[in-house]
Amino acid sequence: MAEAGGITTESVAGDRARAARTMLDQVVLPGEELLLPEQEDAEGPGGAGERPLRLNAGTRSRGRVVCGPGLRRSGDRLLVTKCGRLRHKEPGGGSSGGGVYWVDSQQKRYVPVKGDHVIGIVTAKSGDIFKVDVGGSEPASLSYLAFEGATKRNRPNVQVGDLIYGQFVVANKDMEPEMVCIDSCGRASGMGVIGQDGLLFKVTLGLIRKLLAPDCEILQEVGKLYPLEIVFGMNGRIWVKAKTIQQTLILANILEACEHMTADQRKQIFSRLAE
Amino acid sequence: MAAERKTKLSKNLLRMKFMQRGLDLETKKQLEEEEKKIISEEHWYLDLPELKEKECFIIEEQSFSLCEDLLYGRMSFRGFNPEVEKLMLQMNAKNKVEEVEDEAVELDVSDEEMARRYETLVGTIGKKFAKKRDRASYEEDENGHIKPTVKVKKMFLKPQD
């Protein structure tokens, strides 16, 4: 009984496996399996049927496909683990083929990922390390030597409650996340303690990615209003600072609200502000 | 002569951390490789046959930075924080172009300033070599530059009847 049930579910799942190519920009749900282009051709019409002639066979076969956030590898197929839209990016410049597939999902809770730049709040100072709250399941540890020009004698000036902009060097589900404020060459490149004043607020992760996209109109319009400074953390935290408190608050409200506004509503608000 | 020979820094000194901060990535990698080559026979290694990895065509990555080309997280607009604006140009250019070559070497001192400094330099150095009598003639011009005032040559004055 159990075996029969197992077989039927397998066949059902196998029937439902669709080609990743056809599902691009469509909503996918967790549990769906996706076929990559090479397998799809192989599992298509058998030897009796027509074999599609592939003129660019070299580029398709033997390419490494990267499965990004929201996808997992199950055998030779991709398994969807988050609900959202499936996206694909071709590899640029003739590099190793395959491209990247990922699921564009929305969530508020951040899970530390290696290489992400985040804003953290220092919660404790114990011996040689700082404990930094990044919004994940546990606080990340930041060594006092991980700042530019820091040595054992020359300690960085970091207090409890300071805001830190840094990146993760270790971030997996088995270990405590570790972050540093230094890049691989040993330079700070903008990381470290974020200055005085300003306002820190939290938004969804999808909004951060939308604002940091290369062609984001919102930021271009915001930048024309008045002099300001923004820091985006991939953990959903944004820090803003402007010359007066009122300007800072206006900016924070705009950024929080622009997630749910259409382009027209946004333009209305900006034109009102420009007056 | 001792003054002609350049002071050679020892290898140990060059390997110290404070000497390596200014080095490029490439020179650092070369130094590391050289150190690795000095591995002696005392280093232990596993004597296993080479295991073949199963060819996997799918790589799992959890980071969004690989998927979407995101801009650098720190931004400043209309000159609020000039350092951050400089960083923005650097970082975002790095994403678009792999090799960023400096178009023109930025001059530390502009040409005009150089000419001005040189002008005053001539005065101060000239003062050093002038005789004691002539040193009094070096006066401060407008702008505070030290220049020798042109001396009026004393001519013979004919006595008037």
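1. In this predicted model, 16 residue pairs are in polar contact across the interface of chain A and chain B, with both partners at pLDDT 80 or more. On the side of chain A that touches chain B, at least two residues each are supplied by β4 (65-67), β5 (71-74), β6 (77-80), β8 (100-104), α5 (217-223), β16 (228-232) and β17 (237-242) of chain A. The largest share, 5 residues, comes from β16(A), and by class this side of chain A has 28 nonpolar, 7 polar and 15 charged residues.

2. The extent of the interface can be stated in two ways. In residues, the contact takes 50 from chain A and 31 from chain B; in area, the two chains bury about 3800 Å² between them, with 61% of it on carbon and sulfur atoms. The count of salt bridges between chain A and chain B is 3, and A:Lys89 forms a salt bridge with B:Asp69, where the closest N and O atoms are 3.8 Å apart.

3. Strand β16(A) deserves a separate remark, since β16(A) is joined by 4 bridges to strand β2 (residues 74-77) of chain B, the two running antiparallel. Within this pairing A:Glu229 stands opposite B:Ser76 in β2(B). A:Glu229, whose place is in strand β16 of chain A, counts as buried at 4% relative accessibility, and its side chain makes a polar contact of 3.2 Å with the side chain of B:Arg74. Not counting residues up to four places away in sequence, A:Glu229 touches A:Trp239, A:Val240 and A:Lys241 in chain A, and B:Arg74, B:Met75, B:Ser76, B:Phe80, B:Asn81 and B:Val84 in chain B.

4. Strands of both chains also meet in an open sheet of 5 strands, with mixed pairing and the order β2(A)-β7(A)-β8(A)-β4(A)-β1(B). Its edges are β2 (27-28) of chain A and β1 (58-60) of chain B, and because each has a single partner strand, one side of each is left without a neighbour in the sheet. At the chain A edge, β2(A) pairs with strand β7 (residues 84-89) of chain A in the antiparallel sense over 2 bridges, and A:Val28 stands opposite A:Gly84 in β7(A).

5. Another open sheet, of 4 strands in chain A, has the order β1-β3-β6-β5 and mixed pairing. Its edge strands are β1 (18-19) and β5 of chain A, each of which pairs on one side only. Strand β1(A) is joined to strand β3 (residues 33-35) of chain A by 2 bridges, and these two strands run parallel; here A:Arg18 stands opposite A:Leu34 in β3(A).

6. Over all chains the count comes to 13 salt bridges. One of them joins A:Arg155 to A:Asp128, with the closest N and O atoms 4.0 Å apart, and this pair links distant parts of the chain, A:Arg155 lying in the loop between β11 and β12 (163-170) of chain A and A:Asp128 in the loop between β9 (117-126) and β10 of chain A, 27 residues apart. Both ends count as partly exposed, A:Arg155 at 47% relative accessibility and A:Asp128 at 44%.

7. Strand β10 of chain A holds a partner in each of two further pairs. A:Glu176 forms a salt bridge with A:Lys131, the closest N and O atoms being 2.5 Å apart; A:Glu176 is in the loop between β12 and β13 (178-180) of chain A, 45 residues from A:Lys131 in β10. A:Arg237 forms a salt bridge with A:Asp133 at 3.1 Å between the closest N and O atoms, and since A:Arg237 lies in strand β17 and A:Asp133 in strand β10 of chain A, the pair ties together parts that are 104 residues apart in sequence. A:Arg237 is buried, with a relative accessible area of 9%, whereas A:Asp133 is partly exposed at 27%.

8. Salt bridges also link A:Asp25, A:Arg87, A:Asp104, A:Arg209 and B:Glu68 in a network.

9. Two other residues of chain A may be worth inspecting. A:Pro139, in the loop between β10 (129-133) and β11 (140-143) of chain A, counts as partly exposed at 36% relative accessibility, and its contacts beyond four places in sequence are A:Lys131, A:Val132, A:Glu176 and A:Pro177. A:Thr248, found in helix α6 (residues 245-257) of chain A, is buried with a relative accessible area of 8%, and a polar atom of its side chain lies 2.8 Å from the backbone oxygen of A:Thr244.

Technical notes. Residues are numbered from 1 along each chain as its sequence is written. Chains are lettered from A and ligands numbered from 1 in the order in which they are written. This is a predicted model: local features need pLDDT of at least 70, side-chain atom pairs count only at pLDDT 80 or more; totals for chains, interfaces and linings use all residues. Side-chain values use heavy atoms; hydrogens and water are left out. Contact means heavy atoms within 4.5 Å. Buried area is the accessible area (1.4 Å probe) that two parts lose on being put together, summed over both. A salt bridge is a side-chain nitrogen of Lys or Arg within 4 Å of a carboxyl oxygen of Asp or Glu. A polar contact is a pair of N or O atoms within 3.5 Å; within protein, one must be able to donate a hydrogen and the other to accept it, and residues adjacent in sequence count only if both atoms are side-chain atoms. Ala, Val, Leu, Ile, Met, Phe, Trp, Tyr, Cys and Pro count as nonpolar, Asp, Glu, Lys and Arg as charged, and the others, Gly among them, as polar. Two strands pair if DSSP finds at least two bridges between them. Buried means under 20% relative accessible area, exposed over 50%, partly exposed in between (1.4 Å probe, protein chains only).
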